[in-house]
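This report covers one protein model: a buried loop residue, two sheets and the helices that pack on them.

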Amino acid sequence: MSRSARTSTEGTGGALSEVYDTALLDLDGVVYAGGRAIVHAVDSLLTARNGGMRLAYVTNNASRTPDTVASHLSDLGLPTEADDVITSAQAVARIVAERVPEGARVLVVGGEGLRVALRERGLVPVESAEDDPAAVVQGYGGPGLMWGRFAEACYAIARGVPWFASNTDLTIPGERGIAPGNGAAVEVVRIATGAEPTVAGKPLPPMHRETVLRTGARRPLVVGDRLDTDIEGAVNGGVDSLLVLTGVTDPAGLLAASPRHRPTYVDADLRGLLRAQTGVAAEGGRFRCGGWEASATVGELELAGGGEPLDGLRALCAAAWTAAGAEVCALDPRRALARLGW
């Protein structure tokens with residue numbers, strides 16, 4: 001899994017589900033939003049699996065246990081075992097277990113998924129700074145997480161107890177829109193204490209290591225909706241990635257992506273696993289994909305032609321990222337995206 005990721009100017013000769021042996025799928029914003037399956041997700045994943053692709057679900061959401069996540073996916077029509085689910089709670093629990101004595105107490109600010117992962121590592125979850133914890137671990141606890149839990153974390157950290165976070169996603173997609181994620185809660189504790197946590201989740205190496213250990217994938221494809229976690233994690237791990245536009249990232253954000261946030265492929269939703277990805281041809285500063293041709297001019301991105309909107313977006317990505325190089329593309333994409341209906 002150390003092979004360098006490619007750029008999205010390359011296409012595939014067959015469906016992604018045929019080219020890659022394992023899909024490492026994010027959940028929130030990819031498979032479901034607010035608990036409900038995203039359109040086309042279930043049918044697409046079942047078809048990919050029936051064709052021989054292994055499905056593994058890799059989530060930064062630490063609030064639920066793998067058993068609970070697997071049960072939820074099964075209820076949505078995706079029969080899933082707990083072993084197919086990898087969470088940031090598991091990744092952070094492994095780090096903590098490597099740094100504190102066996103059987104140590106750990107102050108938990110988060111949901112049941114975090115507690116279960118810590119117990120699996122032989123650690124004892126506790127609720128108060130007065131329980132003499134050897135570490136503080138913070139993970140997403142859902143909308144019911146009480147304010148007093150943050151105070152307990154702050155009291156312990158102020159005494160010098162090491163602080164760990166499952167992830168630092170600032171937002172999380174739901175049925176009603178975008179809500180604060182664990183990263184927002186981590187900021188509360190950071191502001192109050194001035195401390196910095198050790199973070200395990202995507203896009204950082206501990207989550208990648210946990211995924212490798214638990215899946216054994218030889219030719220994986222990371223599938224996600226976030227540039228700063230899913231795609232950056234794939235880049236850090238040297239593996240290819242598919243960005244789907246069903247969650248946090250929109251086309252304008254994609255065009256402005258820095259090099260570490262640029263996916264190998266982009267598609268509207270998980271049907272992208274079932275089709276070949278169209279490549280982009282470059283010639284004389286112009287980039288062609290399908291019936292579209294994109295270019296970067298003074299101050300803006302331009303798009304001409306017609307056809308499948310996703311091909312137009314792929315051409316624009318190639319033009320924007322080539323113009324930006326190692327920087328973030330600052331060219332105005334609004335007129336070009338309007339031609340595509342975005």
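Ser 128 is buried, its relative accessible area being 18%; buried means under 20% relative accessible area, exposed over 50% and partly exposed in between, with a 1.4 Å probe and protein chains only. The model is predicted, so local features need pLDDT of at least 70 and side-chain atom pairs count only at pLDDT 80 or more, while totals for chains, interfaces and linings use all residues. Residues are numbered from 1 along each chain as its sequence is written, and side-chain values use heavy atoms, with hydrogens and water left out.

Ser 128 lies in the loop between β7 and β8. Helices (H or I, at least four residues) and strands (E, at least two) are DSSP runs, numbered from the N terminus. Apart from neighbours within four places in sequence, Ser 128 is in contact with Leu 107, Pro 133 and Glu 152, contact meaning heavy atoms within 4.5 Å. The side chains of Ser 128 and Glu 152 are joined by a polar contact of 3.3 Å. Such a contact is a pair of N or O atoms within 3.5 Å; within protein, one must be able to donate a hydrogen and the other to accept it, and residues adjacent in sequence count only if both atoms are side-chain atoms.

The model has two open sheets, listed below. Two strands pair if DSSP finds at least two bridges between them.

| Strands | Order | Pairing | Edge strands |
|---|---|---|---|
| 5 strands | β7-β6-β8-β9-β12 | parallel | β7 (124–126), β12 (198–199) |
| 6 strands | β5-β4-β1-β13-β14-β15 | parallel | β5, β15 (265–267) |

In the sheet of 5 strands, β6 (residues 105–109) and β7 pair over 3 bridges, and Arg 105 has Val 124 of β7 as its bridge partner. Helix α5 (residues 112–120) packs on this sheet, touching β6, β7 and β8 (135–138), and its direction makes about 165° with that of β6. Axes are lines fitted to C-alpha atoms, for helices over the stretch in contact, and angles run from 0 to 180 degrees between N-to-C directions.

In the sheet of 6 strands, the twist averages 25° from one strand to the next. There, β1 and β13 (residues 220–224) are joined by 4 bridges, with Leu 24 opposite Val 222.

Helix α8 (residues 205–215) has Pro 206, Met 207, Glu 210, Thr 211 and Thr 215 as its buried residues. Down the axis of α8 they fall within an arc of 145°, so they line one face of the helix; the arc is that of the directions from the helix axis to the C-beta atoms. Pro 205 and Leu 213, on the other side of α8, are exposed. The buried residues pack against β1 (22–25), β4 (54–59), β5 (85–87), α4 (88–99) and β12.
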